[in-house]
Amino acid sequence: MAEKKKTGAEKLREKLFMQNKNGCTAAGEKTVAQADAFCEDYKKFLDSAKTEREAVKTAVRLAEKAGFVPYDPKKAYAPGDKVYVNNRGKAAIFAVIGKKPVEEGVRISAAHIDSPRLDLKPNPLYEDSELALFKTHYYGGIKKYQWTVIPLALHGVIVKKDGKKVEVSIGEDKDDPCFVVTDLLPHLATEQSKRTLAGGIKGEELNILVGSRPFKEDEGSELVKLNILNILNEKYGIKEEDFLSAELECVPAFKAQDLGFDRSMIAAYGHDDRVCAYPALRAALDVKDPDWTAVTILADKEEIGSEGNTGLQSKFFVYFINDLARSQGGEGYRALSHSQCLSADVNAAFDPTFPDVMEKRNAAQLNRGVVITKYTGSRGKSGTSDASAEYMGQIRALLDKNDVIWQTGELGKVDMGGGGTVAMYIANLDVDVVDLGVPVLSMHAPFEVVSKLDVFMAYRAMLEFYKDKAE
Ligand code: MN
Ligand code: MN
């Protein structure tokens with residue numbers, strides 16, 4: 001049968017309308033297979049990096065294997081040199097020195113490696129009704145009810161009185177015990193069910209069950225708590241007081257897992273923002289002899305406003321640029337003014353079960369590639385840097401030229417809610433910034449969902465950004 005001739009309207013539509021194709025169809029089988037392979041490594045990263053400390057440790061290990069060495073501010077570096085800065089074991093910078101002087105600007109990808117979770121309170125352990133429990137204070141934006149009745153693992157560090165640091169990771173190996181926040185049975189939840197969804201589980205009800213057997217051969221009070229402390233003392237050499245100088249984080253004990261019959265997606269804890277942090281790290285590891293110095297930042301504390309000395313409101317990144325520029329006889333502030341940044345963070349993916357919160361024409365969708373978010377914020381673009389048309393134009397051209405599949409996304413309908421990223425803190429340094437990342441379903445839940453193709457496209461976007469040639 002002969003091919004039907006296109007009408008004038010069809011031809012004009014092809015020319016003028018925005019193309020809107022599923023990324024898997026557009027990418028083709030070969031690229032989809034590359035995405036699947038890339039995500040095998042990503043899943044391993046997720047499982048070995050559930051906290052910001054573990055993410056830094058894993059990233060440094062991978063970087064050292066690729067030839068990165070600790071940065072020495074007193075040294076001058078040559079193009080192609082690879083260095084890293086480890087900020088207190090909770091944030092890190094990985095840089096590949098470019099051919100152009102740093103004063104002419106660097107290329108930055110900034111992702112965060114902290115995720116919502118339940119932190120133990122400074123004095124966490126107590127006994128009530130012959131059960132031992134931990135008090136927690138949640139970290140980041142969570143829907144509290146989602147954190148009950150799922151297996152939890154305990155990660156973190158305890159600094160003892162003598163200054164010795166003990167590392168803790170319990171609940172990940174299949175022979176390990178796990179922990180849980182209990183919830184009320186439906187039979188007795190008549191009153192609880194009248195609470196709003198937000199108040200269904202209250203902050204002070206996020207108590208973690210950690211033991212139930214009393215210390216044997218003795219009488220007295222708090223024997224279950226005593227027994228737990230005895231176990232912890234035997235295993236880690238700690239006393240109750242040592243909790244005061246600890247950072248212990250309860251995270252879901254699940255492993256990252258393929259999702260769907262077609263295995264097109266990954267379900268895991270903490271995609272936000274390891275799903276951008278890992279591609280940003282891999283781009284730094286894979287870029288060879290860039291024109292501009294390529295700088296990957298893995299920051300902490302984004303989920304609580306980028307505060308603290310490991311968050312991106314702190315000066316640690318600026319100090320690094322200052323040192324780097326000065327080592328070449330340049331000025332850090334000039335380097336920043338000429339720099340460009342991809343704020344690598346996630347956006348919400350359109351969920352057909354909850355369409356009302358999204359404006360469909362401007363929402364990101366799974367499998368449509370890496371999502372560029374011109375602005376975040378809330379209530380009339382408050383709290384966002386809002387990328388310029390010029391910078392959007394440059395990034396758009398770069399991605400198209402290199403066959404990176406991408407889309408734009410807005411974080412929900414106008415006035416529906418909102419959020420922010422590290423973009424504005426970097427923009428405040430006079431850097432050109434736009435948000436670029438991976439669309440996520442069930443963001444901030446204990447088990448988040450991303451598409452493998454989108455993860456790979458995030459990596460490709462950041463790698464091409466680093467590889468970009470000076471005119
Ligand atoms: Mn994020
Ligand atoms: Mn987040």
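Let's start with Glu 14, which is partly exposed, having a relative accessible area of 46%. Its partner in a salt bridge is Lys 6, and the closest N and O atoms of the two are 3.1 Å apart. Lys 6 counts as partly exposed too, because its relative accessibility is 43%. Keep in mind as you look around that this is a predicted model.

That bridge has plenty of company: the count comes to 34 salt bridges. Take Arg 282, which pairs with Asp 41, with 3.4 Å between the closest N and O atoms. What parts of the chain does this pair link? Distant ones: Arg 282 belongs to helix α6, Asp 41 belongs to helix α3 (residues 29-48), and the two are 241 residues apart. Arg 282 has 18% relative accessibility, so this residue counts as buried. Asp 41, on the other hand, is partly exposed, with a relative accessible area of 31%.

Now compare that with Arg 361, whose salt bridge is with Glu 359; here the closest N and O atoms are 3.2 Å apart. Arg 361 counts as exposed because its relative accessibility is 74%, while Glu 359 is partly exposed at 23% relative accessible area. Salt bridges can also join up into a network, and one such network links Glu 40, Lys 43, Asp 258, Arg 263 and Lys 452.

While we're in this part of the chain, have a look at Phe 354. You'll find Phe 354 in the loop between β16 and β17 (370-373). Is this residue buried or exposed? Phe 354 has a relative accessible area of 54%, so it is exposed. If you go from Phe 354 to Lys 21, you cross 333 residues in sequence, yet the C-alpha atoms of the two are 22 Å apart in space.

Next, the metals. The manganese ion (ligand 1) is held by His 112 through NE2, by Asp 272 through OD, and by Asp 345 through OD, with Asp 345 listed twice, at 2.1 to 2.6 Å. Along the chain, these donors follow the spacing H-x159-D-x72-D. Two of them come from distant parts of the chain: Asp 272 sits in helix α6 (residues 271-286), and Asp 345 sits in the loop between β15 (340-344) and β16 (347-348), 73 residues apart. Asp 272 and Asp 345 are both buried.

What coordinates the manganese ion (ligand 2)? Here the donors are Asp 272 (OD), Glu 303 (OE), Glu 303 (OE) and His 444 (NE2), at 2.0 to 2.6 Å. Their spacing in sequence reads D-x30-E-x140-H. Once again distant parts of the chain are linked, with Asp 272 in helix α6 and Glu 303 in the loop between β14 (293-299) and α7 (316-327), 31 residues apart. Both of these residues are buried. Did you spot Asp 272 in both lists? Asp 272 bridges the manganese ion (ligand 2) and the manganese ion (ligand 1), which lie 3.3 Å apart.

His 444 turns up again when we turn to the open spaces. The largest pocket holds about 1,100 Å³ of space. Its lining takes in 38 residues, and Ala 348, Leu 411, Gly 418, Met 443 and His 444 are the ones nearest its centre. Sorted by class, that lining has 15 nonpolar, 16 polar and seven charged residues.

The second largest pocket has a volume of about 890 Å³. Of the 22 residues lining this pocket, Met 18, Gln 19, Asn 20, Trp 406 and Gln 407 lie nearest its centre. At least two lining residues come from each of α2 (23-27), α9 (389-401) and β18 (406-408). By class, there are eight nonpolar, seven polar and seven charged residues in the lining.

There is also one cavity of 30 Å³ or more. Residues lining it include Thr 376, Gly 383, Met 424 and Asp 435. The lining is made up of two nonpolar, six polar and one charged residues.

Finally, how many disulfides are there? The count comes to zero. Cys 39, for example, is in no disulfide, and the nearest cysteine sulfur, that of Cys 24, is 11 Å away. Cys 39 counts as buried because its relative accessibility is 0%. Cys 178 is in no disulfide either, with the nearest cysteine sulfur, that of Cys 250, 10 Å away. At 44% relative accessibility, Cys 178 counts as partly exposed.

Note on methods:
Residues are numbered from 1 along each chain as its sequence is written. Chains are lettered from A and ligands numbered from 1 in the order in which they are written. This is a predicted model: local features need pLDDT of at least 70, side-chain atom pairs count only at pLDDT 80 or more; totals for chains, interfaces and linings use all residues. Side-chain values use heavy atoms; hydrogens and water are left out. On a 1 Å grid over the protein atoms alone, a cavity is a set of points where a 1.4 Å probe fits but cannot get out, and a pocket is an open set with protein on both sides within 12 Å along at least five of seven lines; lining residues have an atom within 4 Å of a point. Grid points are joined across faces, edges and corners, and a volume is the space filled by probe spheres set on the points. Ala, Val, Leu, Ile, Met, Phe, Trp, Tyr, Cys and Pro count as nonpolar, Asp, Glu, Lys and Arg as charged, and the others, Gly among them, as polar. Donors are N, O and S atoms within 2.8 Å of the metal (3.2 Å for Na, K and Ca); water is not among the atoms, so sites may look incomplete. Helices (H or I, at least four residues) and strands (E, at least two) are DSSP runs, numbered from the N terminus. Buried means under 20% relative accessible area, exposed over 50%, partly exposed in between (1.4 Å probe, protein chains only). A disulfide is a pair of cysteine sulfur atoms within 2.5 Å. A salt bridge is a side-chain nitrogen of Lys or Arg within 4 Å of a carboxyl oxygen of Asp or Glu.
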